[in-house]
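Hello,

Here is the structure we talked about handing over. Please open it first, then read the notes below.

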Amino acid sequence: MENLERILSEHPFFTDLDKGFVALACGCAKNARFEAGQFIFHEGEAADHFYLLREGRVALQISAPGRGASTFLTLGPGEVFGVNWLVPPYRWTCDARALDGARVIAMDTLCLRNKCEADHDLGYAIMKRLMPVLLERLHATRLQFLDLYGAHV
Amino acid sequence: MSDTAGVLKPASAAPPMAPRVAHVRRRRHDAPDAWTLELEMADGAPFNYAPGQFNMLTAFGVGEAAISVSGDPAKGPLIHTIRAVGPVSRALTKLAPGDPIGVRGPFGVGWPMAQAEGKDVLLVAGGLGLAPLRPALYRLLGERARYGKVTLLFGARRPDDIVFRREVESWRGRFDMEVEVTVDHAGPEWRGHVGVVTGLISRQAFDPSATIAMVCGPEVMMRFVAMSLVDRGLSEDFIYLSMERNMKCAIGHCGHCQLGPTFICRDGPVFTFTRLNPLLAVKEL
């Protein structure tokens, strides 16, 4: 557990988080590995884990009828995915698939939500880390939506 | 060619409004709507230019358009990569080997190659924005020892839209530079990054005090790239953007390309973010 605590504290998402908080969050964490091509979660399923990527790459995808799966974001070491675990309805809104062998820290989201509810300082600290990720992805989506490199430019 | 404070000045001594005649030597399809033309000057004289400069190309009987040079300044032939977006550019992209073409230039202030010496150089390109950066990259690689770490971050719309694809792949294979490519949209067959090019900046390790950035692409993309670089600690003075506007005369007389107090053709197209930041904040300027 001590090793996992160190790994967690070294991940950019938890950088500079109070050691006591890291220890608390660590109680919800476990190491996991996904093989290349393996789905980590599917759209519509319960958001039961929040993932901190340590090694490898992960693609976030949405499938549309007749068009198959479309990747809208790839993530690398140091990044997080499964970010919609904190708010209801706790359900994935896309698929996540390992592109290479991916090593992650998987955090049990029910456990983490309970700890955030019990200790609002921890909850706020995690929220402050989650919000920039969400805003950055919202902004990136806007730019993708603008289709910047299209012929109209 | 003078080079005060590391900024290149226009070099042409030819009459600025008189085009030279060239012939298309080769034509290559580079992306769904972009073609690369290799040109040979009809008079056989060399065509000297600096990375980042542009020419006014004439499709005879149709008109003239400003197109950045995309070839190697140290080697012939003169190369332009053109996206077919309007009547003139469409006519230019349809020229076949042997066809005549008018060349007026080179014009404008290029990339700050002298200022970049001794520094790490970060090139950020979006879409066809790689074309004006390619001469700078040739210079960096041709005089590799003069520069520190060289990194190219390149964003395209889809995998099929990646211009200079074979060359980008060869750059990726080099040991003396780093290349990251991302696309906005991709199917499962694409194995590379997906996401906007600004996302590559946040993943990139660089020393802001020793880095100079050269950015070219759609204006919105450049704005957010520049802001991301500033967020990472890079000074606005060391972020260079290549602007695009409707250029007609290319010598600062007609005013078509005016951006606030500057003329893109004469004072640019390459500017520091320090100079552009207040102008880019003005909507519809």
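**Chain B: how much is buried**

Of the 285 residues in chain B, 56% are buried. Please keep in mind that this is a predicted model.

Now the rest of the picture for chain B. Its secondary structure consists of 17 strands and eight helices. Chain B is as compact as a globular protein of its length, because its radius of gyration is 18 Å and the globule rule gives 19 Å for 285 residues. The C-alpha trace spans about 50 × 45 × 40 Å along the principal axes of chain B.

Contacts in chain B often reach across the sequence. Take those between residues at least 6 apart: 69% of them join residues at least 24 apart.

The surface comes next. Chain B has an accessible surface of about 11,800 Å². Carbon and sulfur atoms account for 53% of that area. Chain B carries 32 positive and 29 negative charges, and the mean positions of the two sets are 2 Å apart.

**B:Arg134 and B:Phe164**

Is B:Arg134 buried or exposed? B:Arg134 has a relative accessible area of 3%, and the cut-off for buried is under 20%, so B:Arg134 counts as buried. B:Arg134 belongs to helix H3 of chain B, which covers residues 130-142.

Which residues does B:Arg134 touch, beyond its neighbours within four places in sequence? The contacts are B:Arg28, B:Ser70, B:Gly71, B:Ile79, B:Phe164, B:Glu167 and B:Trp171.

One of those contacts, B:Phe164, deserves its own look. B:Phe164 is not a glycine, yet its phi is positive, at about 50 degrees. B:Phe164 sits in the loop between strand S10 (150-156) and helix H4 (165-172) of chain B. With 3% relative accessibility, B:Phe164 is buried.

**Other backbone points**

Some background helps here. Most peptide bonds are trans, and most residues other than glycine have a negative phi.

Two cis bonds are worth a check on screen. One runs from B:Gly105 to B:Pro106, with omega near 0 degrees. B:Pro106 lies within strand S8 of chain B, residues 100-107. Another cis bond runs from B:Gly268 to B:Pro269, with omega near 10 degrees. B:Pro269 is in a loop of chain B, between helix H7 (264-267) and strand S17 (270-272).

Chain A has a positive phi to look at as well. A:Asp16 is not a glycine, but its phi is about 65 degrees. A:Asp16 is placed in the loop between helix H1 (2-10) and helix H2 (19-26) of chain A. Is A:Asp16 buried or exposed? A:Asp16 has a relative accessibility of 74%, and exposed means over 50%, so A:Asp16 counts as exposed.

**Aromatic rings**

How many aromatic pairs does the structure hold over all chains? The count is 10. One of them joins A:Phe13 and A:Phe14. Their ring centres are 5.3 Å apart, and the planes meet at 90 degrees. That makes the pair edge-to-face, because the angle is over 60 degrees.

Both partners are buried: A:Phe13 has 5% relative accessibility, and A:Phe14 has 1%.

Chain A also holds an aromatic cluster. A:Phe34, A:Phe41, A:Tyr51, A:Phe81 and A:Trp92 make it up.

Best wishes

Methods
Residues are numbered from 1 along each chain as its sequence is written. Chains are lettered from A and ligands numbered from 1 in the order in which they are written. This is a predicted model: local features need pLDDT of at least 70, side-chain atom pairs count only at pLDDT 80 or more; totals for chains, interfaces and linings use all residues. Side-chain values use heavy atoms; hydrogens and water are left out. Helices (H or I, at least four residues) and strands (E, at least two) are DSSP runs, numbered from the N terminus. The radius of gyration is taken over C-alpha atoms; the globule rule is 2.2 Å times the number of residues to the power 0.38. Buried means under 20% relative accessible area, exposed over 50%, partly exposed in between (1.4 Å probe, protein chains only). Contact means heavy atoms within 4.5 Å. Accessible areas come from the Shrake-Rupley method with a 1.4 Å probe; for residues, only the protein chains shown count as cover. Lys and Arg count as positive and Asp and Glu as negative; His and the chain ends are not counted. The place of a charge is taken as NZ of Lys, CZ of Arg, CG of Asp or CD of Glu. Rings of Phe, Tyr and Trp (its six-membered ring) pair if their centres lie within 6.5 Å; planes under 30 degrees apart count as stacked, over 60 as edge-to-face and the rest as tilted.
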